[in-house]
Amino acid sequence: MVRKLIQILLVITCIGLYGCKKEDPAETAVKAFLDAMHEGNYEGMVSEADAEISLLLENTYSTDTLLENYPDEELRQAFEEYRTKAIFSQCQSYTIKSKEKDKDTNQTVFQIEVIQLDLDGMDTSYTLDDYADDHKDEFHDAEKLPEEEYQLFLMKSALDYGSALIGKASEEKKTITVSGTITVTGNSDGTYEVTNYSLNSD
């Protein structure tokens, strides 16, 4: 009886091992890229992308690139906190709708659907002037600062306003659904990387 039970368990185990479909490594790369976006993880997105996409991300989100003339540690921290929220706002969730592989180029194009926070809709209902009115005492006091400090204040305020927009859109569940494509290319060493990312704009 015990021997028969062991045989049944072995059969079940073998079915489990061989019946599980191995995930496509190209799809794994797409999910890693989109998961990093959902987490607001800038470095994670860069690690899944090719040189061209990485450079685009760097020009958009790199702290060193954007703040090279502002060696202010508090500003850098504010920007990095905002960056996490901004990236996350672009991917609340995602769905891979389909994929098409080209064996000749070792590329796979994935059709995706992404749910984003509707920040464009929010900035018409909560404008920068509204934000300034909510912080009028801070803006009034800042006008007395030396020019360099005043410019730092304005930059921090812009980041804070962006974070406020993201927060309000999230609280009010203001989202839009956007479709697009991600192309993944296989390398000769067996690794895969995102080589194109495009969302359809209205």
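**From a strand residue to the nonpolar cores**

In this predicted model, T195 is in contact with D50, I53, Q107, T183, V184 and T185, once its neighbours within four places in sequence are left aside. T195 itself has its place in strand 4, which covers residues 192–199, and among its contacts T185 deserves a further word, since the side chains of T195 and T185 make a polar contact with each other at 2.9 Å.

V184, another of the residues that T195 contacts, leads into the interior: together with F33, M45 and I182, V184 is among the residues that touch the most other members of the largest nonpolar core, which holds 21 residues. Two or more residues of this core are given by each of helix 2 (25–38), helix 3 (42–48), helix 4 (51–61), strand 2 (107–117) and strand 3 (175–186), and the largest share, seven residues, comes from helix 2. The surroundings of I182 can be listed in detail, for, not counting residues up to four places away in sequence, I182 touches V30, F33, L34, T108, V109, F110, I112, V194, N196 and Y197. A second core, separate from this one and made of twelve residues, includes L117, M122, L165 and A169.

Elsewhere, Y70 lies in the loop between helix 5 (63–66) and helix 6 (73–89). Its relative accessible area is 31%, and Y70 is therefore classed as partly exposed, a class that lies between buried, under 20%, and exposed, over 50%. Beyond its neighbours within four places in sequence, Y70 is in contact with L75, R76, L152 and M155, while the C-alpha atoms of Y70 and E148, although 78 residues apart along the chain, are separated by 9.9 Å.

Methods. Residues numbered from 1 in each chain as written. Predicted model: local features only at pLDDT ≥ 70, side-chain atom pairs only at ≥ 80, totals over all residues. Heavy atoms only, no water. Helix = DSSP H or I, 4+ residues; strand = E, 2+ residues; numbered from the N terminus. Polar contact = N/O pair within 3.5 Å; in protein donor to acceptor, adjacent residues only side chain to side chain. Contact = heavy atoms within 4.5 Å. Core = buried A, V, L, I, M, F, W, Y, C linked by side-chain atoms within 4.5 Å. Buried < 20%, exposed > 50% of the residue type's maximum accessible area, 1.4 Å probe, protein only.
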